[in-house]
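Ready for some practice with a protein model? Look over the sequence and the structure, then work through the exercises below at your own pace.

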Amino acid sequence: MSITPLMPVYPRCGVRPVRGEHCHLIDEDGSRYLDFASGIAVNLLGHSHKGLIGAIQRQAETLMHVSNLYGSPQGEELAQKLVDASFADTVFFTNSGAEAVECAIKTARAYHQYEDGDSQRTELITFKNAFHGRTMATISASNQEKMHKGFMPLLAGFRYVEFDDLEGAKAAVGPTTAGFLVEPIQGEGGIRPASQEFMSGLRALADEHDLMLVLDEVQCGVARTGKFYAHEHYGIEPDILATAKGIGGGFPLGACLATEKAARGMGFGTHGSTYGGNPLAMAAGGAVMDAVANEEFLAEVTEKGERIRARLEQFIGNYPELFELVRGKGLMLGIRMKVESRPFFVHLRDNHQLLTVAAGDNTLRVLPPLVIGDAEIDEFFDKLSAGAASYEIPES
Ligand SMILES: *Cc1c(COP(=O)(O)O)cnc(C)c1O
């Protein structure tokens with residue numbers, strides 16, 4: 001047998017972390033890595049946050065799992081916190097981002113298939129190079145063929161338009177359109193923030209045609225950009241929003257948020273999950289919310305983001321052959337490279353013990369824990385400078 005016990009869907013990697021300390025990961029062999037990837041925008045509070053660990057420990061000792069067939073004081077409490085912190089009136093908890101997007105898609109469809117709704121409105125307009133997860137519905141929602149290959153047929157009901165192209169989106173709206181599904185800042189696609197015009201335009205189109213504006217904030221949400229949710233930068237509100245990654249701070253947790261109106265089709269018996277909203281996940285989510293959902297914390301994220309960005313802009317000027325520009329918001333930053341970003345990310349990881357994430361459009365993602373301080377920022381620039389200075393662009 002040559003297949004590995006762990007299904008080989010990810011590349012083999014020499015970095016094998018076994019322990020985390022604040023903003024560092026420690027490998028099997030004891031090497032220390034500066035973690036500016038945060039498990040892809042997950043570990044908002046770093047790796048050994050006392051509040052998060054304590055909340056999980058206390059809950060694990062009290063009640064770890066119970067069925068959603070029973071009432072859930074833990075779920076009610078976290079749902080209330082999310083409602084208080086956002087546009088939403090109601091919340092469905094999931095265990096992952098893809099499930100949160102699945103619930104968002106179902107909620108948008110059910111809005112139109114509800115009683116006197118317009119049941120021919122079944123199609124969501126989605127945007128090129130989006131990433132919404134790896135389930136059948138969420139790969140079908142993306143035009144990225146590398147995720148489709150081998151898994152046909154796709155699920156019907158998605159129509160792809162160029163990202164940030166308002167005219168394209170407008171032209172795609174028709175009698176079968178149910179709404180729009182969009183990342184306000186494309187993550188995997190290369191840290192590409194949507195323009196103000198695009199986001200306001202989608203909101204206006206949705207209002208005009210009674211469509212659902214569904215935001216995928218799985219990566220850009222939960223304080224990452226200096227707002228609790230990234231759409232707040234644009235002064236608009238969605239009807240439905242998928243959140244995950246950072247919300248559990250490392251514990252698997254996601255949620256679908258909706259307004260009362262948008263959730264009109266999601267009544268008793270329409271959706272469910274065995275684990276979704278389980279007390280352990282609720283405890284983790286509550287600890288994360290308590291730490292990040294306040295103005296002081298958000299202001300710090302903004303301030304650190306601006307500081308890193310200004311230094312990055314200056315830094316990339318030293319290597320015009322490698323770097324083109326910096327983009328993003330808060331602590332969701334991307335460096336667009338003039339060469340392939342993936343080999344540079346591997347070089348930083350293997351030769352300079354700096355963890356970042358490669359993304360589409362030759363972009364290097366910089367996604368530190370939101371709790372970084374001056375020491376980690378200085379260490380990041382030391383490692384990045386050393387990495388750029390020692391980099392030999394591979395022959396392609
Ligand atoms: C990561 C991600 C997802 C999928 O989340 P999983 O927890 O991996 O299922 C969906 N949408 C966006 C924007 C993401 O970044």
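**Exercise 1. Find the residue in β2 that is the bridge partner of G20, and place its strand in a sheet.**

Step 1. In β2, G20 has L25 as its bridge partner. Helices (H or I, at least four residues) and strands (E, at least two) are DSSP runs, numbered from the N terminus.

Step 2. Now look at the whole pair: β1 and β2 (residues 24-27) run antiparallel and are joined by four bridges. Two strands count as paired if DSSP finds at least two bridges between them.

Step 3. Widen the view. The strands β1-β2-β3-β15, in that order, form an open sheet of four strands with mixed pairing. At its edges are β1 (17-21) and β15 (354-355), each pairing on one side only.

Step 4. Add the helix: α12 (residues 374-389) packs on this sheet and touches β2, β3 (32-35) and β15. Contact here means heavy atoms within 4.5 Å. The direction of α12 makes about 110° with that of β3. For such angles, axes are lines fitted to C-alpha atoms, for helices over the stretch in contact, and the angles run from 0 to 180 degrees between N-to-C directions.

Before going on, please note that this is a predicted model: local features need pLDDT of at least 70, side-chain atom pairs count only at pLDDT 80 or more, and totals for chains, interfaces and linings use all residues. Residues are numbered from 1 along each chain as its sequence is written, and side-chain values use heavy atoms, with hydrogens and water left out.

**Exercise 2. Explain why β13 and β16 each have one side without a neighbour in the sheet.**

Step 1. Write down the strand order: β13-β14-β17-β16, an open sheet of four strands with antiparallel pairing.

Step 2. Both β13 (323-329) and β16 (357-359) stand at the edges with a single partner strand each, so one side of each has no neighbour in the sheet. From one strand to the next, the twist averages 25°.

Step 3. Check the partners. Six bridges link β13 and β14 (residues 332-337) in the antiparallel sense, and L333 in β14 is the bridge partner of G328. Three bridges join β16 to the antiparallel strand β17 (residues 363-366), where A358 has L364 as its bridge partner.

Step 4. Visit the turn: the hairpin of β13 and β14 has two residues between the strands, and G330 there takes a positive phi near 60°.

**Exercise 3. Describe the surroundings of the ligand, using residues with a heavy atom within 4 Å of it.**

Step 1. List the residues: S96, G97, A98, F131, H132, G133, E183, D216, V218, Q219 and K245.

Step 2. Find polar contacts with the ligand, meaning pairs of N or O atoms within 3.5 Å. A polar side-chain atom of K245 is 2.6 Å from a ligand oxygen atom. A backbone N or O atom of G97 lies 2.8 Å from an oxygen atom of the ligand, and one of F131 lies 3.2 Å from a ligand nitrogen atom.

Step 3. Consider burial: taken alone, the ligand exposes 380 Å², and the protein buries 81% of that. These accessible areas come from the Shrake-Rupley method with a 1.4 Å probe.

**Exercise 4. Locate the cis peptide bond between M152 and P153.**

Step 1. This bond has an omega near -5°.

Step 2. P153 belongs to the loop between α6 (145-148) and β6 (158-161).

Conventions:
A residue is near a molecule or strand if one of its heavy atoms lies within 4 Å of it. A polar contact is a pair of N or O atoms within 3.5 Å; within protein, one must be able to donate a hydrogen and the other to accept it, and residues adjacent in sequence count only if both atoms are side-chain atoms.
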